Amino acid sequence: MEKKINIVVTVLLILLVLAGGYIAYDKYATWKQQSDLSTFQTGAQYGYEQAITQLFQQSQSCQQIPIIYNNQTINIIAVECLQAQ
């Protein structure tokens, strides 16, 4: 009888360890995914800021600046440059 109890306790302990490992892995995977998403969003925001900064810097030279999106191109120029002419 005691041998059966030891086997049951051992099986339950193994299942408990497996369940704990699964929960820990799931929490880690969720944390890793959120970390990767945060890194991606930070990088995208930095890229947007750099693009706008570059547009501002180039527009100060009063030259046309080509903007390309989906195989379409437009040229922009600062309004101040047009008013000065």
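**Disulfide and aromatic pair in the predicted model**

The torsion about the S-S bond linking Cys62 and Cys81 is about -80°, so this disulfide is left-handed. Cys62 is located in the loop between H1 and strand E1 (65-69), whereas Cys81 belongs to helix H2 (residues 79-84); the pair therefore ties together parts that are 19 residues apart in sequence. The structure analysed here is a predicted model. In this model, the S to S distance between Cys62 and Cys81 is 2.0 Å, and a search of the whole structure returns one disulfide.

The two cysteines of the bridge were also examined for solvent accessibility. Cys81, in helix H2, is buried, with a relative accessibility of 8%. Cys62, in the loop between H1 and strand E1, is partly exposed, at 39% relative accessibility. Cys81 is classed as buried because its 8% relative accessibility falls under the 20% limit.

Aromatic contacts were considered next. The count comes to one aromatic pair. This pair is formed by Tyr28 and Trp31, with 5.9 Å centre to centre and 35° between the planes, and its geometry is tilted. The angle of 35° is neither under 30 degrees, as stacking would require, nor over 60, as for an edge-to-face arrangement. Both residues lie in helix H1 (residues 2-59), where Tyr28 and Trp31 are three residues apart, about one turn of the helix.

With regard to accessibility, Tyr28 has a relative accessible area of 47% and is partly exposed. Trp31 counts as exposed, at 52% relative accessibility, because the exposed class begins over 50%.

Key:
Residues are numbered from 1 along each chain as its sequence is written. This is a predicted model: local features need pLDDT of at least 70, side-chain atom pairs count only at pLDDT 80 or more; totals for chains, interfaces and linings use all residues. Side-chain values use heavy atoms; hydrogens and water are left out. Rings of Phe, Tyr and Trp (its six-membered ring) pair if their centres lie within 6.5 Å; planes under 30 degrees apart count as stacked, over 60 as edge-to-face and the rest as tilted. Helices (H or I, at least four residues) and strands (E, at least two) are DSSP runs, numbered from the N terminus. Buried means under 20% relative accessible area, exposed over 50%, partly exposed in between (1.4 Å probe, protein chains only). A disulfide is a pair of cysteine sulfur atoms within 2.5 Å.
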